Amino acid sequence: MPFACAIRAQVEAHIPSAFAVYRRPEFKSIQTGISEIDQLTSGIPISALSEICGVGKTSVLLSLLAYATRQEHYCALVDAKDSFDTASAQNIGVDLTHLLWVRCGKSKQELPPLEQAFRVADLLIQGGGFGVVAVDLSNFSERLLNKIQPATWFRFAHVVEKHKTALVFIEPRPYATSCAGLVLNLTRKSETWQGNLLENLTLEVEVVRTRDKKSPHSVRPEVSLQAQWM
Amino acid sequence: MFAAIHATDISQTLLLECAHEFSPCVESTAPGIVLLDLYGTERLLGPSREVGKQIYLRAKELGFDAHVVVAANPDAAQYAALGFKGVTFIPREQERQKLAELSVNVLSPSPEISETLENWGIQTFGELAALPSIPLTQRLGQEGLRLQKLARGGSQRFLVADEPEESYVAEFEFDDPIETIESLSFILSRLTQELCERLASRALATSEFRLILELESYQLRTGKDDQIYEHVWKPPRPTSDAKFLCRLVFLDLNEITFEAPIKKIRIEVVPSRPRATQGGLFVPASPEPEKLEITLARIRGVVGSVDENGTACAGSPQTLDSHKPDSFRVQPFSSVAPKQDLPPPVKPSLALRLFRPELESSVELTGDRPHFVKLWKKHRRVVSASGPWSSSGYWWNQSFTWMRDEWDVALKMSKGKIELYRIYLDRLRGKWFVHGAFD
């Protein structure tokens with residue numbers, strides 16, 4: 001052991017930070033407004049990349065946007081396939097004056113919509129000042145999403161680390177792997193029909209990945225989303 | 001110290017122009033006379049005693065004879081300029097002695113007071129100043145007292161500064177029409193810089209930046225008249241930052257292809273008071289307005305400005321007051337948006353994702369209920385259905401009228417998964433569409 005200490009001392013004499021332990025900063029978070037998810041994850045982490053996947057991801061995203069805009073955060077939604085429903089957002093309580101909606105693939109631009117979405121997200125993060133930047137990649141085929149280079153996710157995770165922004169991707173399934181600070185997977189449990197009316201949809205929430213601590217996989221709370229006319 | 005310039009038989013504009021060369025604070029007191037505030041100009045122009053000579057010489061250069069007086073009191077300087085010739089300097093506290101020889105007529109008293117003073121044998125400032133104030137006021141009133149104060153050189157007042165009408169316009173005509181944005185950038189940056197400096201010198205900013213580009217006439221070739229490109233940028237808050245304005249303009253100009261070379265450039269800015277705001281200590285950070293405007297311009301460069309319907313591709317969404325589904329408009333996004341009163345937060349609810357444009361589909365009915373829905377080239381069995389929810393609108397306008405029967409359906413997808421969709425029957429066209437998916 002004295003020998004190891006001597007080597008260590010010699011190395012540190014030349015490179016002082018060689019054995020320094022890099023501590024990730026404490027993450028602040030923004031609540032989603034859904035108590036079951038907030039209790040499980042303590043919210044969507046700021047300065048990190050998060051992924052929300054599965055059935056019900058749009059509802060969770062809109063709830064997050066509603067909560068964030070009510071806290072006077074400015075939010076941006078990069079809508080890669082132009083599928084954002086303004087009426088749903090308003091009903092859930094999103095303050096639309098605090099929301100920047102970017103619709104990709106709607107004009108005669110040379111770039112494909114997926115590429116546009118990534119570029120816009122990059123510009124928004126670099127611009128700073130947004131509490132939440134959400135990128136909706138839901139309606140793309142898995143084949144296309146599988147082609148996204150891992151370096152893209154790594155770069156996003158690295159860039160957002162320096163900004164006080166929560167970067168959220170909405171996808172059919174997780175793609176960012178270890179670059180993500182939080183991965184939520186939502187699965188449909190059941191839906192309730194009251195006579196002739198769709199009443200609510202019950203989801204099961206699974207935390208696939210968190211940055212702070214390993215989530216207890218056995219805990220999978222259920223979230224009930226009411227239909228908007230209820 | 002104050003300076004007074006008196007000259008006859010020249011235009012007031014020329015007199016003011018001469019005065020503005022020595023001080024930014026100039027009062028156009030009366031035709032043929034202007035007053036200057038020389039406070040703070042000592043380091044630039046030298047001692048006040050010398051400034052009078054400089055003004056006199058400058059007036060000579062401009063082609064007129066001026067009588068210049070420098071004094072600590074604006075009224076003393078004014079009346080001395082009317083009474084004395086050439087250059088006069090009146091040291092502080094010596095106004096009364098210096099003005100004593102002037103005729104009282106210089107004060108332009110009213111005919112009644114003038115007659116009274118004449119009857120009393122009062123002819124000079126010194127004689128008027130020597131009279132006891134209280135009896136003078138009893139006989140001539142407040143006007144008499146005012147005239148005496150002026151004669152004693154003891155009155156004090158502020159100058160009413162003459163603000164010249166400033167036009168914030170800059171233009172440049174090229175000797176040879178230019179064809180590239182790079183060539184334009186040099187002149188555009190210079191003109192913008194000049195305008196912003198002029199604004200900043202008057203503690204102003206601009207709330208509107210107008211660029212007018214005159215393109216070369218192609219009349220001989222195309223039969224068209226001169227073309228003009230005009231665009232207005234309205235920064236989110238008044239600014240005098242030339243770099244920001246240039247970046248904003250160039251980001252938009254890069255998206256435009258001009259049909260002809262540019263032969264003339266003209267920039268007009270609308271001056272306005274700069275607005276200083278301070279964010280709240282406990283309010284989350286918001287995007288910086290200038291930086292955000294640049295970011296939005298860049299985003300427009302990536303996704304385009306408007307879609308095929310003329311709706312903006314980036315901005316703040318707003319739902320329209322209409323029963324027609326998916327009625328919205330996109331407004332310019334601003335990070336200085338006023339806080340709105342929001343209804344209390346609702347419980348998390350099921351959101352809809354829309355298909356734009358809607359997916360045309362075919363539906364097999366059992367009775368009047370959907371049984372199979374064709375989605376993405378496959379027939380999906382309807383597990384549950386809720387509907388029909390009928391709605392219609394704009395019946396008074398045939399081009400906008402709509403009528404639909406909506407159904408919320410649970411479809412059995414591949415691998416036994418159940419997904420919720422909203423489908424509708426367009427009763428005017430008699431076709432089924434998939435409007436969106438519950439997600």
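Let's start in chain A of this predicted model, with helix 7, which spans residues 150–160. Helix 7 of chain A lies across strand 3 and strand 7 of chain A, and its direction runs at about 130° to strand 3 of chain A.

Those two strands belong to something that reaches across both chains. An open sheet of 10 strands runs in the order 10(A)-9(A)-8(A)-3(A)-7(A)-6(A)-4(A)-5(A)-10(B)-11(B), with mixed pairing. Strand 10 of chain A (222–226) and strand 11 of chain B (328–331) stand at the edges; each has a single partner strand, so one side of each has no neighbour in the sheet. From one strand to its neighbour, the average turn is 30°, direction ignored.

Where does chain A hand over to chain B in that order? Follow it along and you come to strand 5 of chain A followed by strand 10 of chain B. Strand 5 (residues 99–103) of chain A pairs with strand 10 (residues 314–319) of chain B in the antiparallel sense, over 2 bridges. If you want a spot to zoom in on, try Trp101(A), which stands opposite Gly315(B) in strand 10 of chain B. Helix 3 of chain A, residues 57–70, also packs on this sheet. In chain A it touches strand 3 (48–54), strand 4 (74–79), strand 5, strand 6 (130–136), strand 7 (166–171), strand 8 (182–194) and strand 10, and its direction makes about 165° with that of strand 6 of chain A.

Now for the contact between the chains as a whole. Chain A puts in 63 residues and chain B puts in 51 residues. On the side of chain B that touches chain A, the elements giving two or more residues are helix 12, strand 10, strand 11, strand 12 (352–361), strand 15 (378–393), strand 16 (402–412), strand 17 (418–426) and strand 18 (431–438), each of chain B. Helix 12 of chain B gives the largest share of that side, 7 residues. Sorted by class, the side of chain B that touches chain A has 29 nonpolar, 13 polar and 9 charged residues.

Helix 12 of chain B has a helical partner too. This helix, residues 289–303, packs with helix 11 (residues 242–253) of chain B at an angle of about 10°, and their axes are 9 Å apart. That angle makes the two helices of chain B, 11 and 12, roughly parallel. Helix 11 of chain B brings Phe244(B), Arg247(B), Leu248(B), Leu251(B) and Asp252(B) to the contact, while helix 12 of chain B answers with Glu290(B), Glu293(B), Ile294(B), Ala297(B), Arg298(B) and Gly301(B). By class, the residues of this helix 11–helix 12 contact in chain B come out as 5 nonpolar, 1 polar and 5 charged.

Next, move to strand 4 of chain B, residues 67–71. Is this strand mostly covered or exposed? Mostly covered, since 20 or more other C-beta atoms within 10 Å make a residue buried, and 5 of the 5 residues in strand 4 of chain B are buried. His67(B), Val69(B) and Ala71(B) point one way from the strand, Val68(B) and Val70(B) the other way, and all are buried.

Strand 4 of chain B pairs with strand 1 (residues 2–6) of chain B, running antiparallel over 5 bridges, and with strand 5 (residues 87–89) of chain B, running parallel over 3 bridges. Val68(B) is a handy marker here: Ile5(B) stands opposite Val68(B), and Val68(B) stands opposite Val87(B) in strand 5 of chain B. To get from strand 4 to strand 5 of chain B, the chain passes through helix 4 (residues 74–83) of chain B, and this β-α-β crossover is left-handed.

Two more residues of chain B round off the tour. Leu45(B) sits in helix 2 (residues 42–45) of chain B. It is partly exposed because 16 other C-beta atoms lie within 10 Å. Leaving out neighbours within four places in sequence, Leu45(B) is in contact with Phe22(B), Val51(B) and Gln54(B). Val106(B) is in the loop between helix 5 (95–99) and helix 6 (111–120) of chain B. Val106(B) is also partly exposed, with 19 other C-beta atoms within 10 Å. Not counting residues up to four places away in sequence, Val106(B) touches Tyr79(B), Leu82(B) and Gly83(B).

Key: Residues are numbered from 1 along each chain as its sequence is written. Chains are lettered from A and ligands numbered from 1 in the order in which they are written. This is a predicted model: local features need pLDDT of at least 70, side-chain atom pairs count only at pLDDT 80 or more; totals for chains, interfaces and linings use all residues. Two strands pair if DSSP finds at least two bridges between them. Helices (H or I, at least four residues) and strands (E, at least two) are DSSP runs, numbered from the N terminus. Axes are lines fitted to C-alpha atoms, for helices over the stretch in contact, and angles run from 0 to 180 degrees between N-to-C directions. Two residues are in contact if their C-beta atoms, placed from the backbone, lie within 7 Å. Angles under 35 degrees count as roughly parallel, over 145 as roughly antiparallel, 65 to 115 as roughly perpendicular and the rest as oblique. Ala, Val, Leu, Ile, Met, Phe, Trp, Tyr, Cys and Pro count as nonpolar, Asp, Glu, Lys and Arg as charged, and the others, Gly among them, as polar. A residue is buried if 20 or more other C-beta atoms lie within 10 Å of its own, exposed if 12 or fewer, and partly exposed in between; C-beta atoms are placed from the backbone. A crossover is right-handed if, with the strands pointing away from the viewer, the path from the first strand over the helix to the second runs clockwise.
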